[in-house]
Amino acid sequence: MTQEILEQQNVVAAGAATTRDDAIREAGALLVAAGAVTQEYVDSMFERENSVSTYMGNFLAIPHGTNDAKESIKRSALSLVRYAEPIDWDGQPVKFAVGIAGLNNEHLEILSKIAIVFSDEDEVQKLIEAGTAEDIFALLEEVNAE
């Protein structure tokens, strides 16, 4: 059985970060803990963010590393951290930081699915109102479905 790209242990319902950089660290640390990336990849997430904001709209940011950091990815994975209070992400309010590590462009399909979920304000509201990490995971489980 293939490993799921988004695993429940990588979903955090109440993130601790209060700044963009801490949110990137938090999302990145989950990817490291999952065995998906090395710390070098997390460092490259800051490089990416400093060259182009990963804010996507509807309270979503998708921090990810640079192309140069591909060798620090061991497997494709996602992390999701929700924040009760919006984080100032280069002037935009973020309540969801989705950390992304993609091998062989596997993440592009996942990204498009997440974009579809977050393009629907009703779906975003459900994610904001979800009580627990399990509830958030259940709402996003279709992201794993082929």
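Visitor: What makes Ser-76 a residue that touches Ile-5, Ala-101, Gly-102, Leu-103 and Glu-106?

Guide: Contact means heavy atoms within 4.5 Å, and in this predicted model Ser-76 touches those five residues by that rule, with residues up to four places away in sequence not counted. Residues are numbered from 1 along each chain as its sequence is written, and side-chain values use heavy atoms, with hydrogens and water left out. Because the model is predicted, local features need pLDDT of at least 70 and side-chain atom pairs count only at pLDDT 80 or more, while totals for chains, interfaces and linings use all residues.

Visitor: Why is Ser-76 called buried?

Guide: Buried means under 20% relative accessible area, exposed over 50%, and partly exposed in between, with a 1.4 Å probe and protein chains only; Ser-76 has 5% relative accessibility and therefore counts as buried. Of the 146 residues in the chain, 48% are buried.

Visitor: What does the side chain of Ser-76 reach at 2.8 Å?

Guide: The side chain of Ser-76 reaches the backbone nitrogen of Leu-103 at that distance, and Leu-103 is also one of the residues that Ser-76 touches.

Visitor: How do you know that the radius of gyration agrees with a compact globule?

Guide: The radius is taken over C-alpha atoms, and the globule rule is 2.2 Å times the number of residues to the power 0.38; for 146 residues this gives a value near 15 Å, and the chain has 14 Å, so the two agree. The C-alpha atoms fill a box of roughly 40 × 35 × 25 Å, taken along the principal axes.

Methods
Polar contact = N/O pair within 3.5 Å; in protein donor to acceptor, adjacent residues only side chain to side chain.
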